[in-house]
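Trainee: I have a model open and want to read it properly. Can we go through it together?

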Amino acid sequence: MKVNFVDVQRQTQNLKKDLMPKIEAVLDKSDFIQGQAIAEFEEAFAKFCNKKYCVALNSGTDALEFSLLAYGITEGEVITAPNSYFSTAMVITKVGAKPVFVDVDEESFNLDVEKLEAAITDKTKAIIPVHLAGQPADMDPILELAKKHNLIVIEDACQAHGAEYKGKKTPIGETGCFSFFPGKNLGSFGDSGAIVTDNEEVMKQAHMLRNDGCKEKYQHHVIGFKSRMDTVQAVILTEKLKHLANWIEQRRECAKKYDALLQGVITLPKEMSYAKHAYHLYVVRTEKRDELQNYLAEKGIATVIHYPIPIHKQKAYEERNTESYPITEKLSKTILSIPIFPEITEEEIKYVVENIKAFMEKN
Ligand SMILES: Cc1ncc(COP(=O)(O)O)c(C=O)c1O
């Protein structure tokens, strides 16, 4: 038996009948750039997140970079977690600021709020909490600290579409960034992303930044970027968005089954008391991680490590080699994301469980 890590193909095939007429309509209209469908998606996704505005872009990375720029952050320090996808820190460096890392909490995998205040200096401009794996960071203390120290908060919700914190969908603060990379909880047929915000000025700045700095046609107010979401991606996302709440429930069902069947077998992910986890990833932990991954691969089960090298240990941040974030480093050696996706079958879940059990019994 073969179990994919995420089966984008299965989802695409299931939706093909509904998606093809929408894609054909874009072809018929040929409004490929900034077509009507962009505004429709923006309205629908802003509503889903309970935010006033959504700005559709061509990646989550750009969403993060444009958010920093829209808030005027071009120097100073920005605090984030070293346990994230590289982009989260990369954009901080790109805009001219310095990423300052705060280690994560071992249970949530997200910013350890106990360690946050000590990292704030008079150079700190912003905090980028990451809602890793689909579980929100502990936002109340983060927002409180930000208020106390007059800091901007931009949430990296690239893995957390539809995740909830104390009953509220992410982003919890004013502004959050999403990726619609194909394997995400809501994925397009290529790269795309978005900013959602309640801040009108951030929305306006992001509109300019995505479109070569244009305010109106051929009137360039700032040095911008070329980062518009393709119209065809917007129709796909609008159609898929109708299924997102259901898909999250299916992911949660899958997680519940893993929780029950793997209890006592391996270290399981913990849903924090404040969270409704969206289970973009289901991350187990064992000291024998590499051996387990190889064993599962031999059995046809695909797994991924999110992430094998913490950001401060990446070659691009070589100068940070002396820095140490023990929890992040420990996690990077023990974590393994096992298959989870809405369409996963009972049989596939059982096969994954059986093989994890078989490995753990032998080792
Ligand atoms: C936590 C996190 N931040 C940022 C990004 C960047 O998003 P994109 O790949 O759409 O640029 C990703 C995507 O993998 C992510 O998982």
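Trainee: Which class is most of the shell around the ligand, and how many polar residues has the shell?
Mentor: By class, the shell has four nonpolar and two charged residues. Ala, Val, Leu, Ile, Met, Phe, Trp, Tyr, Cys and Pro count as nonpolar, Asp, Glu, Lys and Arg as charged, and the others, Gly among them, as polar. The polar residues in the shell number nine.

Trainee: Where does the numbering start, and what is the model?
Mentor: Residues are numbered from 1 along each chain as its sequence is written. Local features need pLDDT of at least 70, side-chain atom pairs count only at pLDDT 80 or more, totals for chains, interfaces and linings use all residues, and the model is predicted.

Trainee: Which residues are closest to the ligand?
Mentor: The ligand is surrounded by 15 residues. A residue is near if its C-beta atom, placed from the backbone, lies within 6 Å. The closest are Ser 59, Gly 60, Thr 61, Cys 158 and Ser 179.

Trainee: Which helices each supply at least two residues of that shell?
Mentor: Helices are DSSP runs of H or I, at least four residues, and strands are E runs of at least two, numbered from the N terminus. The protein has eleven helices and 14 strands. The suppliers are α3 (60–70) and α4 (87–95).

Trainee: What share of the 363 residues counts as buried?
Mentor: Buried means 20 or more other C-beta atoms within 10 Å of the residue's own, with C-beta atoms placed from the backbone. The share is 47%.

Methods:
A residue is buried if 20 or more other C-beta atoms lie within 10 Å of its own, exposed if 12 or fewer, and partly exposed in between; C-beta atoms are placed from the backbone.
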